[in-house]
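Take a look at the structure below. We will walk through it step by step, beginning with a single pair of residues.

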Amino acid sequence: MTSLKNQLAAGLNSPICLTWEWTYACNLQCVHCLSSSGRRDPNELSTEEMKGIVDQIAEMQIFYVNIGGGEPMLRPDFFEIMEYCVEKGVGVKFSTNGSRITAESAKRLAGMDYVDIQISLDGIDEATNDAIRGDGVYARVREAMNHLRDANFGSFKMSVVMTRQNVAQVNEYEALANEYGAELRLTRFRPSGRGIDTWHELHPTSQQQVDLYNWLLARPHVLTGDSFFHLSALGEPLPGLNLCGAGRVVCLIDPVGDVYACPFVLHDEFKAGSVREEGGFAAVWRSSELFTSLREPTSAGACGSCGAYDACGGGCMATKFFTGLPLDAPDPECVFGHGEEALAALEANGGAVRPSVSKDHSKPIGVGRKRIPVTIA
Amino acid sequence: MEQTLENTETESVDTDEFGEEELLVEEISIDGMCGVY
Amino acid sequence: MTTTVSVFDADRHWRLHERVALRPEPFGALAYHYGNRRLTFLRSPDLVTLVETMGDQPTARAAFEAAGINPKRWPSFEKALASLVVGQFLVDDNHIPFTDPARG
């Protein structure tokens, strides 16, 4: 019997974890935004198109969708489509910056079955959080969480992207989540979207990553979205599939209907097709060239001689791609430093060519958008 | 370690060569898959 | 991931929880529980058949026999069924069906 991991790597009839970004519009301009969101795309899927995709999702027996953006609650038809999902038996888990969670919308969401919420927060206080997510955001998120609590929404997730400046706050995140009866989720900062520029200064140091690994290992109840599987090379694997699921177990549909291998590779290189083409989403998932090739066995490449390859699988494709490393190179954050060596070698040979964002919906700098912070006061 | 990716669709042998029981049910946290949310 | 497996009572009537969805896959099936958000891989087509027909038979043992599975494989199947009970994918007649407010 082949291992489950191998079977999943070969692909599934339908994705398990489908991320669907509902809009590129966003009222925030977080410095690390993986989708480079800000301005709504003029070609955004219409309400009817959105419902058509929900129909396809239900037909493919996809159990639930992970909704995001941009800020999904900015879509005027947000609740209409949510209710349509519930009606069709598709579970909804959506991620929000919390700015549109009011007492009223919290009550409305609390009354809906199948709906799970994740709120983003990147610092335990105003100074840390707002440096990433913008002025006043910390206060707004606390308000949103209060509204959910007051509306008896039940458990929600609080999701934090680990940066150099907030890793030290993990115990405080746990305490805050406990205060609300919420689940804590910590995820890896990848050099995707606006992160392409900010990653090099903001990603955790290697020591911080080791500390984080040990902290997570002792707390299996803390969610990670399998985003730290590269750290499993340090020893006992972290809970989760420990596998790059791009095009195999996961994929993403963007606000204009384009399908990408995963949320962290919103780039033409990893675009599999469009749901607007004949055959819709099913055709792209089942027979696109990109996904077919991702489902073929990969070689270990530069990691072939490393004893830890089985544990980490060479790491995250997106992280390699956006730092300019080839896909068979070690992960830039390889726990043994092989990624750093590879990057240094690139620099020595004339510099890494970093891909830039294929579709940048960011608002211009100055319109509520900060430059990256150098120090936190 | 060699990785074989042939799917043994029709094979449902429940004991491996050592006669041990196979794991027919495996649970994975839905959060255990790489995605944003 | 290890689950504590309790003793499975094969001589009572079991069925799939009403909030579980099964989706066929090359290796067997995926089962998702909309109530507790658990996701399980059923890694044998025979197990899938067994689980799907479980409710139609008076007992789990009868369902196993009716499914025509080699009796020697019972220990593995028993362990699998016990895991499914732990995850609430399989329920017995003491289970009260959940009424879904979203569906009225």
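Start with E27(B). This residue stands opposite T40(C), which belongs to strand β4(C). Keep in mind that the model is predicted. Now look for another pair along these two strands. V25(B) has L42(C) in β4(C) as its bridge partner.

Step back to the strands themselves. β1(B) and β4(C), residues 39-42, are joined by four bridges. The two strands run antiparallel. In general, strands of a sheet pair through backbone hydrogen bonds, and the pairing can be parallel or antiparallel.

What order do the strands of the sheet follow? The order is β1(B)-β4(C)-β3(C)-β2(C), four strands in an open sheet with antiparallel pairing. Chain B therefore shares a sheet with chain C, because two strands count as paired once at least two bridges are found between them, and β1(B) has four bridges to β4(C). The edges are β1 of chain B, residues 25-28, and β2 of chain C, residues 20-25. Each edge strand pairs on one side only. Neighbouring strands are also turned against each other, by 25° on average with direction ignored.

A helix joins the picture here. α1 of chain C, residues 45-53, packs on the sheet. This helix touches β2, β3 and β4 of chain C. Its direction makes about 45° with that of β3(C), residues 28-33.

Now consider chain B as a whole. This chain has one strand and zero helices. Of its 37 residues, 35% count as buried.

How many residues does each chain bring to the contact between B and C? Chain C brings 24 residues and chain B brings 13. On the side of chain C that touches chain B, the elements giving two or more residues are β4, α1 and α3 of chain C. α3(C), residues 74-86, gives the most. Its share is seven residues. By class, this side of chain C has twelve nonpolar, six polar and six charged residues.

Finally, turn to chain A. Helix α5, residues 126-133, packs against helix α6, residues 137-150. Their axes lie 8 Å apart and make an angle of about 105°. That angle makes α5(A) roughly perpendicular to α6(A). Which residues meet where these helices pack? From α5(A) come E126(A), N129(A), D130(A) and R133(A). They meet V137(A), Y138(A) and A139(A) in α6(A). The residues of this contact divide into three nonpolar, one polar and three charged.

Notes:
Residues numbered from 1 in each chain as written. Chains lettered and ligands numbered in written order. Predicted model: local features only at pLDDT ≥ 70, side-chain atom pairs only at ≥ 80, totals over all residues. Axes fitted to C-alpha atoms, helices over the stretch in contact; angles between N-to-C directions. Contact = placed C-beta atoms within 7 Å. Nonpolar A, V, L, I, M, F, W, Y, C, P; charged D, E, K, R; others polar. Buried ≥ 20, exposed ≤ 12 C-beta atoms within 10 Å, placed from the backbone. Parallel < 35°, antiparallel > 145°, perpendicular 65-115°, else oblique.
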